[in-house]
Amino acid sequence: AALPTISPDTNICNSKHNAESSSCGLEGPSTPNGCVAWFRDLWVKQSDWLEKALAGSTSDWQIIVTHFPPEPGWQFESWNRLSMAYGIDLIIVGHRHSQEVHANAGGGFTSEGHPHPLGDTAYVVTGGGGGITSEWVPDIAGNDDQYGFMD
């Protein structure tokens, strides 16, 4: 979520399509101007819950499903810390409309030779987002990973 005037066509908290009197009901933000703080507070609460769940888990696999990729701009520092502390195996995300697999496939380094930012934690962008937008122009023959789905 961003301030109501930023990216009005894609921002859930926008002021272009939400009147100041708009409300998301009793559980959600009460106005577009309160939307960013509401999502920030929700992130803090859910992060605390997730860390407690990871700390108490005895599962063989730690798999997390969320919306945004664990990358800079989307709480990357938090995901990095949680991955290193609790050995998260896989993070499954959406947000982008392209299919991507990011893994520690080279002994701890990316294909560019940089240390893998999440250690042994892999993440997958499923690519099957809704709507009619895409990150790039899809190939008419389907020889791309736009609107892909992981099997």
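Two strands count as paired if DSSP finds at least two bridges between them, and that rule will be needed at several stops on this tour of a predicted model.

Begin with the whole chain in view, coloured by secondary structure, where you will find two helices and four strands. If you follow the chain from the N terminus on, its elements come in the order α-β-α-β-β-β.

Next, select the four strands together, which form an open sheet in the order β1-β2-β4-β3, with mixed pairing. At the edges of this sheet lie β1 (63–65) and β3 (100–102), each of which pairs on one side only. As you look across the sheet, the twist from one strand to the next averages 10°. In general, the strands of a sheet pair through backbone hydrogen bonds, and they do so either parallel or antiparallel.

Now narrow the selection to residues 90–93, which are strand β2, and residues 122–125, which are strand β4; these two pair in the parallel sense over four bridges. Within this pair, select Ile92 and then look in β4 for its bridge partner, which is Val124.

Finally, return to the full chain and switch on a surface display. The chain has 151 residues, of which 27% count as buried, and it exposes about 9,900 Å², with carbon and sulfur atoms supplying 58% of that area. If you display contacts instead, consider those between residues at least 6 apart in sequence: 57% of these contacts join residues at least 24 apart.

Technical notes:
Residues numbered from 1 in each chain as written. Predicted model: local features only at pLDDT ≥ 70, side-chain atom pairs only at ≥ 80, totals over all residues. Heavy atoms only, no water. Buried < 20%, exposed > 50% of the residue type's maximum accessible area, 1.4 Å probe, protein only. Contact = heavy atoms within 4.5 Å. Areas by Shrake-Rupley, 256 points an atom, 1.4 Å probe, with all protein chains shown as cover. Axes fitted to C-alpha atoms, helices over the stretch in contact; angles between N-to-C directions.
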